[in-house]
Amino acid sequence: MINTLQLSQIKNLHGTNDCLVLAAIDIGTNSVHMIVVRIDPSLSAFSTIAREKETVRLGDRDPKGNLTKEAMDRTIAALQRCCDLAHSLDANNIVAVATSATREAPNGKEFLQEIVDKVGINVDLISGQEEARRIYLGVLSGMDFNERPHIIIDIGGGSTELILGDSEDSRFLSSTKIGAVRLTQEFVKNDPITPTEQIAMRGYIKGMLERPMDELKSKIPSGLDLGLIGTSGTIETLCAVHAMSKLGYIPNPLNGYQMKRRDIQEIVRKFASFSCSDRAMIPGVSERRSEIIYAGSLILLEAMNMLEIQTITLCERALREGIIVDWMLAHGYIDSRLCYQSEVRTRSVMKIARKYNTDLDHAKHVTSFALSLFEQTQGILHSWGSAEKELLWSASILHNCGVHISHSAHHKHSYYLIRNAELLGYTEIELELIANIARYHRRSKPKRRHDSYGLLSDHQKQIVRELSAILRLAVALDRRQTGAIAQVDCKYDPEYRSLHLHLFPQLFDDDCSLELWSLNYKKPVFEEEFKIKLVTTLARIPIESHN
């Protein structure tokens with residue numbers, strides 16, 4: 001950990017200007033990592049103030065697959081130290097994510113609640129694909145791809161991420177359940193590792209990587225020359241070992257360091273023949289890393305063999321920096337070559353809508369009405385802002401996706417599909433809110449006895465209740481799914497506590513009787529939630545005249 005003298009030096013070095021200080025914490029299977037940065041809004045950039053890392057082996061599990069108490073205690077203690085350091089460096093915000101070990105453990109959510117109770121920070125549990133996307137953002141922020149597509153590989157303790165991307169977009173994202181800690185626990189029973197264990201591990205790695213490799217290769221145009229970028233502890237350690245053997249020292253920084261596949265093969269062979277204690281004596285290998293370095297190195301070697309790529313380049317930026325970039329994008333601090341990433345949510349939602357054959361014309365009509373009702377009642381019936389408006393947009397586009405499974409109870413199917421979809425750019429809480437808003441667009445209103453709703457906080461429940469009530473009206477406004485209603489105007493009467501909806505039909509002679517009936521049928525939930533009287537009338541003024 002950073003001591004008092006180092007802390008003072010860091011503060012003096014970086015000054016005390018008004019730039020925003022942000023801390024990002026990655027709770028991994030092997031380690032807890034933190035980076036503290038200073039964001040300069042004028043440059044849309046950040047500079048690193050401090051880094052912290054502590055090996056906690058959160059991936060240690062009991063026979064039922066639960067995180068052990070000892071592993072959770074180690075992790076919580078490390079998080080507390082990280083937060084203390086972040087606060088001492090005047091961090092305005094702390095953003096934390098948890099990955100493979102936590103998302104797979106049956107008691108993972110209880111562990112996250114324990115972090116809230118004991119450390120006081122909320123941790124986002126991100127999916128494997130979301131982890132890959134943020135790794136991509138981190139790499140892109142630290143390396144220039146020179147318009148050349150690259151494959152990125154990140155080998156963690158519990159998973160390995162493979163990414164195909166360029167300086168404009170991530171073309172392919174995957175996360176596979178092979179990692180340095182996971183494989184060591186499953187395959188290594190002897191020290192040194194036996195030839196039988198080596199063969200078994202190698203075969204397992206090949207089998208697990210086969211499908212994502214095939215999918216990745218299918219995205220690569222024929223004859224395209226690709227670069228390979230590696231991130232995180234395993235590859236950094238390999239670069240350090242290689243540099244010591246070739247140069248006699250470890251460059252600082254290591255960013256951009258390159259290794260050949262044949263050199264990695266030789267290092268892996270050496271790791272296999274050494275005991276754990278002997279590996280710890282190799283310059284560049286830490287004592288804790290020596291236990292898992294063989295498994296991590298073998299993953300890299302097999303991946304390079306399958307890709308038939310001869311050279312890998314190290315990038316020292318990865319998930320933690322990606323968390324920073326993602327936060328900056330979400331809060332409007334970046335408007336540069338990364339600006340396209342701010343659209344990741346939109347593209348991801350539309351991808352899922354198409355995947356489940358959603359009627360997009362109907363979904364867009366409903367979404368238009370939902371957002372119009374939201375905007376016209378903002379500051380009158382509710383005080384939600386742009387963040388909640390975006391949740392409503394996503395839920396409106398996807399509200400009917402459950403029909404892909406069955407029309408019967410499709411609102412419940414919509415909840416399930418949204419909750420389990422790979423919606424990139426959203427946190428776990430945001431996904432839960434979107435799924436709940438969509439789930440309550442019809443039938444029963446939200447009830448505490450419903451498991452998915454009952455687990456939300458009071459604030460989150462209010463978001464679901466009010467936004468789903470708005471969505472109900474929006475769905476009613478396109479009851480025939482033909483775009484019969486062209487526009488809706490809202491007039492609020494505070495004296496009578498009533499909201500008057502003036503509906504303008506697309507066709508002048510359309511009486512829109514089905515839409516009016518549907519609104520009358522669905523309005524009780526809206527009226528009860530906002531404690532108002534809803535009145536609807538069909539306007540007979542042509543749209544052109546009204547505008």
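Let's start at Arg133, which counts as buried at 1% relative accessibility. This is a predicted model, and Arg133 makes a good way into it. Its partner is Glu130: the two form a salt bridge in which the closest N and O atoms are 2.8 Å apart. Glu130 is buried as well, with a relative accessible area of 1%. Both residues sit in helix H5, three residues apart, so about one helical turn separates them. The pair also belongs to a wider network of salt bridges that links Glu130, Arg133, Arg134 and Asp326.

In total, the structure holds 24 salt bridges, and helix H2 offers some to set beside the buried pair. There, Asp73 and Lys69 meet through their side chains at 2.7 Å, N to O. These two are four residues apart in helix H2, again about one helical turn. Lys69 counts as exposed at 55% relative accessibility, whereas Asp73 is partly exposed at 29%.

Arg74, also in helix H2, reaches outside its helix: its partner Asp60 lies in the loop between S3 and H2, so this salt bridge ties together parts that are 14 residues apart in sequence. Here the closest N and O atoms are 3.2 Å apart. Asp60 is partly exposed at 28%, and so is Arg74 at 33%.

Now turn to the second largest pocket, with a volume of about 970 Å³. Among the 44 residues lining this pocket, His33, Lys53, Gly233, Glu236 and Arg320 are the closest to its centre. Helix H5 returns here as one of the elements giving two or more residues to the lining, alongside others including strands S2 and S3 and helix H13. Helix H8 gives the most, with five residues. By type, the lining divides into twelve nonpolar, 19 polar and 13 charged residues.

Note on methods. Residues numbered from 1 in each chain as written. Predicted model: local features only at pLDDT ≥ 70, side-chain atom pairs only at ≥ 80, totals over all residues. Heavy atoms only, no water. 1 Å grid on protein atoms, 1.4 Å probe; cavity = no way out; pocket = protein on both sides within 12 Å on 5 of 7 lines; lining within 4 Å. Points joined across faces, edges and corners; volume = space filled by probe spheres on them. Nonpolar A, V, L, I, M, F, W, Y, C, P; charged D, E, K, R; others polar. Salt bridge = Lys/Arg side-chain N within 4 Å of Asp/Glu carboxyl O. Buried < 20%, exposed > 50% of the residue type's maximum accessible area, 1.4 Å probe, protein only.
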